[in-house]
Amino acid sequence: MRVFVTIQHPAHVHFFREAIGELEAAGHEVSVFMRDVAIAADLLESYGIDYEVLAPTSDSLPSLARSQLRYELALFRRARREDPDVVTAIGEPAVAHLSTLLPCRSVVFTDTEHATLQNRITFPFADRVCTPEAYTDNIGDGQVTYPGFHELAYLHPDRFEPDPSVVADAGLDPDERLVVLRLVAWEALHDVGGGGFADAREVVDELERHGARVVITAEADLPPDLADRRATVAPEDMHHLLAHADLFVGESATMAAESAVLGTPAVFASTLELGYLETLESEYGLVVNTTGEDRQAEALRRASSILADHDDIDWAGRRERVLADCVDTTDVILSQIADGPARRSAAEVDARRPAADRR
């Protein structure tokens, strides 16, 4: 097969990297396309994955619209020339639109209910939309659900083993209590209107008051008085740090879920609500979701409680329950790409096109 994979975010690199490797090892041809997202490019290069940048990144809704149009046109031209069998992405409208105009089939993955605009212009055109069972929206006939989480595509124990040397190389004492704090920039389209912590300095002070070493990973510049706490590990090594940490506290839903499936308790502070984090809290006790107006105070209260009781709770046992209930998500990706419907005939392509564009 010829498979197109598109990347919009660093987390998408992690999600697809194992599947890309297995597809190529099986003799399939995989092409990876992306917008100009620096950290995503760095990750692709660190994993030895070839890619092509089709459009610049964007920092506003108008520039996003221009970038999306440029991206879709460039992807369409590549697809006309290379004739892929399957195009796949996480929540990307372009692959769904492409499969409306060409014989290829689209497989879209998502776990983000609040990406409403993106979902609205993607789902109606996709051949298949794959979601975790924890996803709370009903997409319709094209929806396929599976027992798992996106993060188990790369953090399932069959695919990831924590490396303690990463912690040592970062100059961290393996015996000290470690908290990873994540701060986001709130610039992504699906983050518009969202918010997390009001005062990062207060968060750090409260965590350190409990004797924790706080390491910060942040999308934006940190205030000068917090700059010395920024994590020094490479982005591709962050999961080793999360696996070693005693606690994750932050505004990133993805990193909260990553921590949870690694057996590290997570406190998520955000106005955003996601089905998979609700499940990791209600069914497994590995995440605390704080979403209200007093979320910073509540997050710090719950974080303090976890630090106080940390050694009395069987976090590894809770993780084992997750793994027992879930599948390796990379296996889902591979099966959906391999077992999807056959390519469309010319007549089927015409039937899917808008009436004015049909031959």
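This report describes two parallel sheets, the helices that pack on them and one residue in a helix of a predicted model.

The model is predicted, with local features requiring pLDDT of at least 70, side-chain atom pairs counting only at pLDDT 80 or more, and totals for chains, interfaces and linings using all residues. Residues are numbered from 1 along each chain as its sequence is written, and side-chain values use heavy atoms, with hydrogens and water left out. Helices (DSSP runs of H or I, at least four residues) and strands (runs of E, at least two) are numbered from the N terminus.

**The sheet of 7 strands**

An open sheet of 7 strands follows the order 3-2-1-4-5-6-7 with parallel pairing, where two strands pair if DSSP finds at least two bridges between them. Its edges are strand 3 (52-55) and strand 7 (143-146), each of which pairs on one side only. On average, and with direction ignored, neighbouring strands of this sheet are turned by 25° against each other; axes are lines fitted to C-alpha atoms, for helices over the stretch in contact, and angles run from 0 to 180 degrees between N-to-C directions. At the strand 7 edge, strand 6 (residues 128-132) runs parallel to strand 7 and is joined to it by 4 bridges, and Cys130 has Val144 in strand 7 as its bridge partner.

Two helices can be described against this sheet, with contact meaning heavy atoms within 4.5 Å. Helix 4 (residues 93-101) lies across strand 1 (2-7), strand 4 (86-90) and strand 5 (105-109), and runs at about 160° to strand 5. Helix 13 (residues 329-338) packs on the sheet and touches strand 1, strand 4, strand 5, strand 6 and strand 7, its direction making about 160° with that of strand 5.

**The sheet of 5 strands**

A second open sheet has 5 strands in the order 9-8-10-11-12, again with parallel pairing. Strand 9 (213-218) and strand 12 each have a single partner strand, so one side of each is left without a neighbour in the sheet. From one strand to the next the twist averages 15°. The table lists the bridges of three strand pairs in this sheet.

| Strand pair | Bridges | Opposed residues |
|---|---|---|
| Strand 8 (residues 178-183) and strand 10 | 4 bridges | Arg182 and Gly250 |
| Strand 10 and strand 11 | 3 bridges | Gly250 and Phe268 |
| Strand 11 (residues 266-269) and strand 12 | 4 bridges | Phe268 and Asn289 |

In a regular strand the side chains alternate between the two faces of the sheet. In strand 10 (residues 247-250), Leu247 and Val249 point one way and Phe248 and Gly250 the other way, and all are buried, where buried means under 20% relative accessible area, exposed over 50% and partly exposed in between, with a 1.4 Å probe and protein chains only. Strand 12 (residues 287-290) is likewise covered on both faces, with Val287 and Asn289 buried on one side and Val288 and Thr290 buried on the other.

Helix 9 (residues 253-261) lies across strand 8, strand 9, strand 10, strand 11 and strand 12, and runs at about 165° to strand 11. In helix 10 (residues 275-282), the buried residues are Gly275, Tyr276, Leu277, Thr279 and Leu280; these buried residues pack against helix 9, strand 11, strand 12 and helix 12 (315-325).

**Helix 7 against helix 11**

The axes of helix 7 (residues 200-209) and helix 11 (residues 295-309) come within 10 Å and cross at roughly 20°. Helix 7 and helix 11 are therefore roughly parallel to each other, given that angles under 35 degrees count as roughly parallel, over 145 as roughly antiparallel, 65 to 115 as roughly perpendicular and the rest as oblique. The contact is made by Glu202, Val203, Glu206 and Leu207 in helix 7 with Gln296, Leu300, Ala303, Ser304 and Leu307 in helix 11. These contact residues divide into 5 nonpolar, 2 polar and 2 charged, where Ala, Val, Leu, Ile, Met, Phe, Trp, Tyr, Cys and Pro count as nonpolar, Asp, Glu, Lys and Arg as charged, and the others, Gly among them, as polar.

**Glu22 in helix 1**

Glu22 lies in helix 1 (residues 10-25) and, at 34% relative accessibility, counts as partly exposed. Not counting residues up to four places away in sequence, Glu22 touches Arg159 and Leu334. The C-alpha atoms of Glu22 and Glu161 are separated by 18 Å, the two residues being 139 residues apart along the chain.
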